[in-house]
Amino acid sequence: MHAQPSLPATMRAVAITAPGGPEVLRVETVPLPELREGEVLIRVAAAGVNRHDTGQRSRGKAAPTARSQVPGLEIVGEVVASRSGKVRPGRRVAALVDGGGYADYCAAEADLCLAVPDALSDLEAASLPEALFTSWFGLVELGGLGTGGAVLIHGAAGGVGIAAVQVARLRGAVAVATASRPEK
């Protein structure tokens, strides 16, 4: 593992103490995540907040298959350790993670990390992974959307829908969008 020599053994992380609203969130001290092969450890500078996170808080726990009970699916920060040859320590990345983002450090699959342009702040970059990864993967990787294509995007007023419209337009495609209410 490539690592910085001064990593702590523990970190601060947000814990969900019971199902409910924001009042059930507490900061606790927990061990640093252990990296699996192909993962990196990111010192979190900012984390996105999305519907999945508020749903996890309302339920009081993550899905049984989640890597971590700590909420947070999208983060930005500096890679401080690596068990991957793809992303080395010192890089500023945004990542889509399987929980654990509301913490000082978070493990991420190297394949789900993207370099962050200097023009984006940490707060801006942290708001992008879930919406952009989801829309790009669905439209371009799976759907093969390209120039001259057309796509129908349901729920275009939400985060993923807005990103999907933008991805379609950037790819030179026509986006036809729907929303649940006219004001959206």
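**A stroll around helix H4**

Start by selecting Gly161, Ala163, Ala164, Val167 and Ala168: these residues of H4 are buried. They take up an arc of only 160 degrees around the axis, so they sit on the same side of H4. If you wonder about the spacing, an α-helix has 3.6 residues a turn, so residues three or four places apart point the same way. Keep in mind as you go that this is a predicted model.

Now pick the whole of H4, residues 159-170. Put a distance between its end C-alpha atoms and you should get 17 Å. That agrees with the 16 Å its twelve residues should span, because each residue counts for 1.5 Å.

Next, swing round to the face of H4 turned away from the buried side. Here you'll find Gly159, Arg169 and Leu170, which are exposed.

So what covers the buried residues of H4? Show helix H3 (129-142), strand E9 (150-153) and strand E10 (174-177), which are among the covering elements.

Stay with E9 and turn on its side chains, which alternate. Val151 and Ile153 are buried and point to one face, while Ala150 and Leu152 point to the other and are not buried.

Add E10 again: E9 and E10 run parallel, joined by four bridges. Click on valine 151 and then look across to E10 for its bridge partner, alanine 175. Trace the chain from E9 through H4 to E10 and you've followed a β-α-β crossover, a right-handed one.

One last stop: select glycine 172, just after H4. Its phi is positive, at about 80 degrees.

Terms used:
Residues numbered from 1 in each chain as written. Predicted model: local features only at pLDDT ≥ 70, side-chain atom pairs only at ≥ 80, totals over all residues. Heavy atoms only, no water. Helix = DSSP H or I, 4+ residues; strand = E, 2+ residues; numbered from the N terminus. Expected span 1.5 Å × (residues − 1). Buried < 20%, exposed > 50% of the residue type's maximum accessible area, 1.4 Å probe, protein only. Arc of directions from axis to C-beta. Contact = heavy atoms within 4.5 Å. Pairing = 2+ DSSP bridges. Right-handed = clockwise from strand over helix to strand, strands pointing away.
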